[in-house]
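Here is a quick tour of a model you can turn around on screen while you read. We'll stop at a side chain, then a surface patch, then the interface.

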Amino acid sequence: MKKLIVASACLLAVTVIAGCGSDDGTSTETTDTTTVATTTTTTETTPPPAGPTEIRIVVVNGAPKGGIVREKVDKDDSVVLVVKSDVADEIHLHGYDVSRDVEAGGTARLRFKATIPGRFEVELEERGVQIADITVTP
Amino acid sequence: MRLLAHGIGVVRDLPIPAIYFFIGAAVVLGASFVLLFFLWRRPLLEAHTGGRRLPPAFSRLVLSRAVRILLGTLSVALLGLTLATALFGTTTELLNFAPTFIYVIFWLGIPLLSVLFGNVWSALSPWRALADAAVWVLELGGREARPVLEWTGRWGRYPAAAALFAFVALELTNPRPFYPRTLGIATALYTYWALAGMAVYGREPWTRYGEGFAVAFRLLARMAPFAVRDGSVVVRWPFTGLAGDDRTRGALVFVAVLLGSTSFDGFSRSSTWQDLVGNLRVELAGSSQRTVDLATTFLNLGGLAFFVAAILATYLAAVAAAEKLGRGDRSLVPDFVLPLVPIAAAYLAAHYFTSFVITGQFIIPLISDPFGRGWDLLGTAEFAPNLAIVSPETVWYVQVAALIVGHVAGLAIAHDRAVVVFQGRRTALEAQLPMLGLMVLYTLGGMWILTRG
């Protein structure tokens with residue numbers, strides 16, 4: 001379990017760095033990277049505000065690459081799910097009820113603010129396949 | 001962005017933190033030993049089963065024909081609406097009235113009412129109401145409504161257990177359990193099962209042994225502080241209705257289906273099971289959707305059957321040990337079935353509390369637009385459910401508290417039964433140990449599943 005957390009935090013760190021294009025991340029603070037989402041102090045000190053937490057999911061053959069993606073975010077974080085898929089379907093985040101169509105070979109971005117604590121499934125709606133499991137911790 | 005009034009499976013519980021688990025476990029173990037060593041030595045519960053009669057005027061009102069007709073009409077109308085929306089409404093699962101009504105309002109709401117107020121299903125069952133109406137019409141025409149065959153009792157409660165298993169299998173093994181058309185066909189089939197059974201064997205036998213929901217709700221209602229005796233409503237101590245044994249064939253299997261399905265539901269949402277299903281789908285990536293769905297269904301069916309079998313096996317093992325220690329000469333299998341009922345109710349409460357309070361709210365917009373056509377019949381279509389209505393901490397307290405209450409109640413009932421069954425205090429105490437172990441296992445097992453992320 002601990003391994004999983006560390007692994008997912010590392011993955012997140014990588015995606016955040018890649019996503020923001022910032023290059024100063026030595027990514028040693030594994031737990032802190034999950035809470036990259038803006039706090040007022042950081043916006044004041046660093047001129048370009050830190051972007052929302054990005055969670056990347058790659059769908060191959062209608063299934064999530066590397067298994068169901070599990071991520072934790074804190075309540076009130078801004079989150080973007082970036083789903084790259086080789087099949088056409090509808091990406092649906094339960095609970096927050098955000099859904100977006102994705103074309104075969106396309107990418108869908110689902111943006112939401114994590115206001116409700118709990119665990120939420122992300123599904124390929126038409127296939128009924130779960131691709132991610134987002135935990136919003138209070 | 002497209003917003004859907006999405007309901008079922010909307011928010012799942014966060015796993016309970018280890019500290020809640022350990023505190024819960026400590027209370028369970030402590031309470032168990034206190035109960036075992038310091039409590040009563042003579043059976044207590046059976047004496048209280050009767051209860052105290054409520055004023056006759058109240059009983060007459062509650063049990064009146066007018067109330068039955070009113071509730072029956074309402075429930076038949078709801079059955080009709082469920083069938084119509086499931087078969088002809090939108091196929092977008094959660095814009096349709098049927099899925100939320102069946103899985104949340106009916107399947108979670110009626111057990112709650114049964115535990116609180118007694119066997120309400122006898123007045124709320126649409127199938128019973130239809131059968132009553134059919135008999136009434138026949139008798140009006142001067143004919144006698146007689147069952148085709150006599151119920152011999154040979155099959156015991158197995159038909160009801162099979163019916164309940166079919167329902168939980170539909171809910172828990174099918175990759176798309178909320179798909180309205182599937183639910184429409186299932187509702188039609190179940191309606192046939194309930195009505196045909198009552199026509200063939202008579203209303204009362206089929207309600208007691210064949211109609212799975214009626215049997216489940218009646219069993220849960222035995223916990224309730226209210227009951228009906230000889231035409232009047234009585235009030236009694238909760239759980240006293242579970243005193244005694246249950247010698248109906250298949251009683252154990254029925255309870256095992258109830259317990260096993262709820263625990264499998266919890267386990268199937270854990271990452272362990274989800275990854276198993278996910279891997280299977282990856283393995284079958286090249287196959288058709290139908291093959292993948294079928295394989296998923298079979299995997300889930302295996303899991304469900306395993307959980308039911310595990311409940312049966314552990315119960316039988318504990319009873320065998322108790323028989324050995326008690327040196328009795330008869331089977332004790334029927335004696336400790338009823339103590340499992342509060343545990344089953346606790347499982348239901350712990351696993352479905354969030355679903356009920358959060359998903360239940362979606363029925364408010366759905367009732368205004370049951371077919372998902374953009375109607376607003378009652379002006380509630382725009383109602384926005386509050387998904388953050390309960391905090392995770394509240395959910396954890398409710399879950400742990402439900403399991404502890406269920407456990408203590410089950411244990412007290414089992415203890416009461418043990419002092420009836422075993423002669424001599426020493427034997428009674430020794431022979432109770434396996435049952436105590438069994439119940440601790442069920443309660444901690446149920447709690448452990450809740451800690452799984």
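## Around Arg236(B)

In this predicted model, a polar atom in the side chain of Arg236(B) sits 3.2 Å from the backbone oxygen of Arg222(B). If you want to find Arg236(B) along the chain, look in the loop of chain B that runs between β3 (232–235) and α13 (251–268).

Is Arg236(B) buried or exposed? With a relative accessibility of 9%, Arg236(B) counts as buried, because the cut-off for buried is under 20%. Leaving aside residues up to four places away in sequence, Arg236(B) touches a list of neighbours that includes His48(B), Thr49(B) and Gly51(B). Arg222(B) is on that list too, along with Ala221(B), Ala224(B), Pro225(B), Phe226(B), Ala227(B), Arg229(B) and Gly241(B). For a longer ruler, take Gly406(B): it is 170 residues away from Arg236(B) along the chain, and their C-alpha atoms are 18 Å apart.

## A nonpolar patch on chain B

Now over to the surface. Leu29(B), Phe33(B), Val34(B), Phe37(B), Phe38(B) and Leu433(B) make up a nonpolar patch of about 590 Å². Which element gives the most to this patch? That would be helix α1 of chain B (residues 18–38), with 5 residues.

Phe37(B) belongs to helix α1 of chain B. Its relative accessible area is 38%, so Phe37(B) is classed as partly exposed, a label for values between 20% and 50%.

## Where chains A and B meet

The size of an interface is often quoted as the accessible area lost when the parts come together. Here, chains A and B bury about 2400 Å² between them, and 51% of that is on carbon and sulfur atoms. Three residues, Arg70(A), Asp97(A) and Arg119(A), supply 27% of the area that chain A buries against chain B, more than any other three. In terms of contacts, 30 residues of chain A meet 28 residues of chain B.

How many salt bridges are there between chain A and chain B? The count is 3. Arg12(B) forms a salt bridge with Asp133(A), and the closest N and O atoms there are 3.2 Å apart. Between the two chains, 6 residue pairs are in polar contact, with both residues at pLDDT 80 or more.

On the chain A side, β5 (89–93), β6 (98–102), β8 (118–124) and β9 (129–137) each supply at least two of the residues that touch chain B. β9(A) gives the most to that side, with 5 residues.

Conventions. Residues are numbered from 1 along each chain as its sequence is written. Chains are lettered from A and ligands numbered from 1 in the order in which they are written. This is a predicted model: local features need pLDDT of at least 70, side-chain atom pairs count only at pLDDT 80 or more; totals for chains, interfaces and linings use all residues. Side-chain values use heavy atoms; hydrogens and water are left out. Patches are made of residues with over 30% relative accessible area and no salt bridge: like charges are joined within 9 Å, nonpolar side chains (Val, Leu, Ile, Met, Phe, Trp, Tyr) within 5 Å. Accessible areas come from the Shrake-Rupley method with a 1.4 Å probe; for residues, only the protein chains shown count as cover. A salt bridge is a side-chain nitrogen of Lys or Arg within 4 Å of a carboxyl oxygen of Asp or Glu. Helices (H or I, at least four residues) and strands (E, at least two) are DSSP runs, numbered from the N terminus. Buried means under 20% relative accessible area, exposed over 50%, partly exposed in between (1.4 Å probe, protein chains only). Contact means heavy atoms within 4.5 Å. A polar contact is a pair of N or O atoms within 3.5 Å; within protein, one must be able to donate a hydrogen and the other to accept it, and residues adjacent in sequence count only if both atoms are side-chain atoms. Buried area is the accessible area (1.4 Å probe) that two parts lose on being put together, summed over both.
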